[in-house]
Amino acid sequence: MGAWYYCADSENGDHIGAPSEAALFMLIDDLNDTDNTFVVIQPDDDGPAWFTSVAVQDEGGYELYPPTNVTVSSSGARPVRT
């Protein structure tokens, strides 16, 4: 069963409970390759059964974990499931 309440945490300490789509895009847009390299999204409970993360790649772009069939463009376009 899925969680009813999710949160998003970034490496630099930002925490958003029940993030909107716009808030998730803001957290991802704020990522950089020095001190804020990833965002984790997971159910907001103790010992969550799953998580997903978005990380900045050294060569540019983003890496999703676990890997998915989603293409993310650095041009500001929305993610698209392929």
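This report walks through a predicted model, starting with its sheet and moving on to a few residues of interest.

## The sheet as a whole

Let us begin with the strands. Five of them, in the order β2-β1-β3-β4-β5, make up an open sheet with antiparallel pairing. At the edges stand β2 (15-17) and β5, and each has a single partner strand, so one side of each is left without a neighbour in the sheet. From one strand to the next, the twist averages 15°.

## Strand by strand

Strand β1 (residues 6-10) pairs with β3 in the antiparallel sense, and 5 bridges join the two. Two positions help to fix the register here: Cys7 stands opposite Gln42 in β3, and Ala8 stands opposite Ile41 in β3.

On we go to the next pair. Strand β3 (residues 38-43) meets strand β4 (residues 52-56), again antiparallel, over 4 bridges. Ile41 turns up here too, standing opposite Thr52 in β4, while Val40 has Ser53 of β4 as its bridge partner. If you follow Ile41 across the sheet, then, you find Ala8 opposite in one pairing and Thr52 opposite in the other.

The last pairing takes us to the edge. β4 and strand β5 (residues 62-65) are antiparallel and share 4 bridges, with Val54 opposite Leu64 in β5. The hairpin of β4 and β5 has 5 residues between the strands, and in this hairpin Gly60 takes a positive phi near 100°.

## The nonpolar core

Nonpolar side chains tend to be buried together in soluble globular proteins. In this model the largest nonpolar core has 6 residues, namely Ala8, Leu27, Leu31, Val39, Ile41 and Val54. Several of these are already familiar from the sheet: Ala8 and Ile41 stand opposite each other in the pairing of β1 with β3, and Val54 is the residue opposite Leu64.

Ala8 is a good place to look around. With residues up to four places away in sequence left out, Ala8 touches Asp14, His15, Ile16, Pro19, Leu24, Leu27, Val39, Val40 and Ile41. Among the core members, Leu27, Val39 and Ile41 appear in that set of contacts.

## Two buried polar residues

Ser10 lies in strand β1. Its relative accessible area is 8%, so Ser10 is buried, the limit being under 20%. The side chain of Ser10 makes a polar contact with the side chain of Asn12, at 2.5 Å. Beyond its neighbours within four places in sequence, Ser10 is in contact with Leu27, Asn36, Phe38 and Val39.

One of those contacts, Asn36, is worth a visit of its own. Asn36 is found in the loop between α1 (21-29) and β3, and at 2% relative accessibility it counts as buried. The side chain of Asn36 reaches the backbone oxygen of Asp30 at 3.3 Å. Setting aside neighbours within four places in sequence, Asn36 is in contact with Ser10, Glu11, Asn12, Asp30 and Leu31. Leu31 is also a member of the largest nonpolar core, and Asn12 is the residue whose side chain meets that of Ser10.

## An aromatic pair across the chain

How many aromatic pairs does a search of the whole structure find? There are 2 aromatic pairs. In one of them, the rings of Tyr6 and Trp50 have their centres 5.6 Å apart and their planes at 50°, so the pair is tilted. This pair links distant parts of the chain, with Tyr6 in strand β1 and Trp50 in the loop between β3 and β4, 44 residues apart.

Are these two residues buried or exposed, or something in between? Tyr6 has 30% relative accessibility and counts as partly exposed. Trp50 also counts as partly exposed, with 35% relative accessibility.

## Asp44 in the loop after β3

The final stop is Asp44, which sits in the loop between β3 and β4, as Trp50 does. Asp44 has a relative accessible area of 37%, so this residue is partly exposed. Not counting residues up to four places away in sequence, Asp44 touches Tyr5, Tyr6 and Cys7. Tyr6 therefore connects two parts of this tour: its ring pairs with that of Trp50 in a tilted arrangement, and Tyr6 is also touched by Asp44.

Asp44 can also be placed relative to Gly17. The two are 27 residues apart in sequence, while their C-alpha atoms are 7.6 Å apart in space.

Note on methods. Residues are numbered from 1 along each chain as its sequence is written. This is a predicted model: local features need pLDDT of at least 70, side-chain atom pairs count only at pLDDT 80 or more; totals for chains, interfaces and linings use all residues. Side-chain values use heavy atoms; hydrogens and water are left out. Two strands pair if DSSP finds at least two bridges between them. Axes are lines fitted to C-alpha atoms, for helices over the stretch in contact, and angles run from 0 to 180 degrees between N-to-C directions. Buried means under 20% relative accessible area, exposed over 50%, partly exposed in between (1.4 Å probe, protein chains only). A polar contact is a pair of N or O atoms within 3.5 Å; within protein, one must be able to donate a hydrogen and the other to accept it, and residues adjacent in sequence count only if both atoms are side-chain atoms. Contact means heavy atoms within 4.5 Å. Rings of Phe, Tyr and Trp (its six-membered ring) pair if their centres lie within 6.5 Å; planes under 30 degrees apart count as stacked, over 60 as edge-to-face and the rest as tilted. A nonpolar core is a set of buried Ala, Val, Leu, Ile, Met, Phe, Trp, Tyr and Cys residues joined through side-chain atoms within 4.5 Å.
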